[in-house]
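Look at the model below before reading on. Then follow the report through a sheet, two helices and two loops.

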Amino acid sequence: MLSESLDTIAQELEEVNQSIQDSCQHLNIPFPSSVNRNLLLEYKKSVQRDLFNQVIRFQTENGENHPDWQNYILQDIGTTYNGLTGKTKENFGEGLPYIQYKQIFDKSYIDTSKCEFVEILEDENQNRVQYGDIFFTTSSETILEVGFASVLLAEVGEMYLNSFCFGYRLNSFDILDPNFAQYLFRNDELRRKIVRLGQGSTRYNISKVQLMKIDTLLPSIPEQNQISSFLNSIDRKIELISNEF
């Protein structure tokens, strides 16, 4: 029933608000009490910018400072792989799920319910995706949309990646956590570095070799977890507000 659904949303919203409140108190920043989606999106953008610029920082459970952020080059902490090859229009529509360009572009994480299907033969040498993989679009119509990234945060069975995209697989999760990665690769500073690699005139393309030479600062895994948990809660509040109002 509708009333039961609204009650469930209200209960979860209360829990999410408490989680956000706890993080806000920890960081000594205002709590976003608004139920306006646009205002919440602006709040998240501002908070995310300050977190990645280290204007505000979490502390350990003991109230101590986390270690300094360390600089890493992408090619040193992961490897790339290509999407589907050798497919024609006739191969799509049935078979096994694959991740599409639009799924990567639309969200910072892959919504596996939106996958379409492709025929994969037993003797084909195609790259399967797995939890924690990060996907990049290789081409776009505007320079500001080149090289968008999305992370696979679900455990999946046999699943593939479309062409015009490439995958990036972390060597381990000891340096970069997948949940944190979804925010890292959409953060303003890293986006600027990626956009500068775009080449073209009517359509812009990005080289995965050049992208892998990009460097980025990373906090320790415990701090990554605190940051991503806070941003997850804000995202969830935005989703709940969108469903309720």
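In which sense do strand β3 and β8 pair, and over how many bridges? Strand β3 (residues 92-99) and β8 pair in the parallel sense. Two bridges join them. Keep in mind that this is a predicted model.

**The sheet**

β3 and β8 belong to an open sheet of three strands. The order is β4-β3-β8, and the pairing is mixed. The edge strands are β4 (116-118) and β8 (160-161). Each of these pairs on one side only. For a detail of the β3-β8 pairing, find Ile 99: this residue stands opposite Leu 161 in β8. Strands of a sheet pair through backbone hydrogen bonds, either parallel or antiparallel.

**A buried lysine**

Now move to helix α8 (residues 221-244), where Lys 237 lies. Is Lys 237 buried or exposed? Lys 237 counts as buried because its relative accessibility is 2%, and the cut-off for buried is under 20%. What does the side chain of Lys 237 meet? One of its polar atoms lies 2.5 Å from the backbone oxygen of Pro 32. Pro 32 is also on the list of residues in contact with Lys 237, which leaves aside neighbours within four places in sequence. Others on that list include Phe 31, Ser 33 and Ser 34. Leu 13, Val 16, Asn 17 and Ile 20 are among them too, as is Leu 40.

**Helix α6 and its cover**

Helix α6 spans residues 188-195. Which of its residues are buried? They are Leu 190, Arg 191, Lys 193, Ile 194 and Val 195. An α-helix has 3.6 residues a turn, so residues three or four places apart point the same way. What covers the buried residues of α6? The cover includes two strands, β5 (134-137) and β12 (215-218). It also includes the helices α5 (178-184) and α7 (208-211).

**Positive phi in two loops**

Asn 28 has a positive phi, although it is not a glycine. Gln 54 has a positive phi as well, and it is not a glycine either. The table sets out where each residue lies and how exposed it is.

| Residue | Phi | Loop | Relative accessible area |
|---|---|---|---|
| Asn 28 | about 60° | between α1 (2-27) and α2 (37-52) | 71%, exposed |
| Gln 54 | about 60° | between α2 and β1 (70-73) | 28%, partly exposed |

Asn 28 counts as exposed because its relative accessible area is 71%, and the cut-off for exposed is over 50%. Gln 54, at 28%, is partly exposed.

Technical notes
Residues numbered from 1 in each chain as written. Predicted model: local features only at pLDDT ≥ 70, side-chain atom pairs only at ≥ 80, totals over all residues. Heavy atoms only, no water. Buried < 20%, exposed > 50% of the residue type's maximum accessible area, 1.4 Å probe, protein only. Helix = DSSP H or I, 4+ residues; strand = E, 2+ residues; numbered from the N terminus. Contact = heavy atoms within 4.5 Å. Pairing = 2+ DSSP bridges. Polar contact = N/O pair within 3.5 Å; in protein donor to acceptor, adjacent residues only side chain to side chain.
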